[in-house]
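The following exercises concern a single protein chain. Please study the sequence and the structure first, then work through each solution in order.

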Amino acid sequence: MSRDTEVKKYAAQNRRARFDFFIDDTLEAGIMLTGTEVKSLRNGRASVNEAYAGLKGGELFLFNAYIPEYLQAGRWLQHEPKRPRKLLIRRRELDKLAAGIKQKGVTLIPMSVYFNDRGMAKVELGIATGKKKHDKRNTEKERTWQRDKARLMRDKN
């Protein structure tokens with residue numbers, strides 16, 4: 001398969017990210033996981049709604065992402081559900097991100113966690129700035145108008 005027709009099996013999605021933030025750019029990063037975390041992700045019960053990415057010790061980490069314990073494994077094999085997980089990106093991209101994060105109001109938001117066509121877990125990060133309340137109202141108004149317009153066009157035909 002070529003990169004253009006990649007099949008993504010989503011393990012977790014942050015559906016509110018585009019509502020709460022202006023997404024300027026996105027990038028894909030690998031994620032370091034233990035065996036039970038991978039198995040739990042494949043079950044699809046993970047959550048990245050309250051997660052964020054940030055720098056720690058010159059490396060990029062995913063904080064506050066919830067990956068539940070894998071119940072079929074023994075107690076000694078379990079992982080901590082909300083532990084920081086290291087993200088894998090190239091040094092040049094990391095340097096560019098570090099400069100972007102230092103700007104006021106810029107945040108790295110995980111948009112989704114998925115498995116690519118090779119079975120590797122990936123995180124889609126969005127470089128985002130927060131929306132104000134009036135921006136969210138405008139987004140909701142535009143979405144409603146688009147929905148009504150599509151309904152009117154469908155009924156007309």
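**Exercise 1.** Which element gives the most to the lining of the second largest pocket, and with how many residues?

*Solution.* The model is a predicted one, in which local features need pLDDT of at least 70 and side-chain atom pairs count only at pLDDT 80 or more, while totals for chains, interfaces and linings use all residues. Residues are numbered from 1 along each chain as its sequence is written, and side-chain values use heavy atoms, with hydrogens and water left out.

Step 1. Establish what a pocket is: on a 1 Å grid over the protein atoms alone, an open set of points where a 1.4 Å probe fits, with protein on both sides within 12 Å along at least five of seven lines; a lining residue has an atom within 4 Å of a point.

Step 2. List the lining: Asp25, Thr26, Leu27, Glu93, Lys96, Leu97, Gly100, Ile101, Val106 and Ile127.

Step 3. Assign elements. Helices (H or I, at least four residues) and strands (E, at least two) are DSSP runs, numbered from the N terminus. Both β2 (21–31) and α3 (91–101) supply at least two lining residues. The greatest share comes from α3, with five residues.

Step 4. Add the volume, which is about 160 Å³.

**Exercise 2.** Which residues of helix α2 are buried, and why do they line one face of the helix?

*Solution.* Step 1. Apply the cut-offs: buried means under 20% relative accessible area, exposed over 50%, and partly exposed in between (1.4 Å probe, protein chains only). In α2 (residues 35–43), the buried residues are Thr36, Glu37, Ser40 and Leu41.

Step 2. Look down the helix axis. The buried residues fall within an arc of 140°, so they line one face of α2. This arc is taken from the directions from the helix axis to the C-beta atoms.

Step 3. Identify the cover, where contact means heavy atoms within 4.5 Å. It includes β1 (9–13), β5 (85–88) and β6 (106–115).

Step 4. Continue past the helix. Gly44 follows α2 and has a positive phi, near 80°. This glycine is partly exposed, with a relative accessible area of 40%.

**Exercise 3.** With which residue does Glu37 form a salt bridge whose closest N and O atoms are 2.9 Å apart?

*Solution.* Step 1. Recall the principle: side chains of opposite charge can pair when their charged atoms come close. A salt bridge is a side-chain nitrogen of Lys or Arg within 4 Å of a carboxyl oxygen of Asp or Glu. The whole structure holds seven salt bridges.

Step 2. Find the partner, which is Arg85. This pair links distant parts of the chain, since Glu37 lies in helix α2 and Arg85 in strand β5, 48 residues apart. Both residues are buried.

Step 3. Examine a further bridge of Glu37, to Arg83, at 2.8 Å from N to O. Here Glu37 in α2 is joined to the loop between β4 (59–63) and β5, 46 residues along the chain. Glu37 has a relative accessible area of 0%, whereas Arg83 is partly exposed at 22%.

Step 4. Turn to a bridge within one helix. Arg143 pairs with Glu140, the closest N and O atoms being 3.5 Å apart. The two lie in helix α4 (residues 133–156), three residues apart, about one turn of the helix.

Step 5. Combine the bridges that share partners: Glu37, Arg83 and Arg85 form one network.

Methods. Grid points are joined across faces, edges and corners, and a volume is the space filled by probe spheres set on the points.
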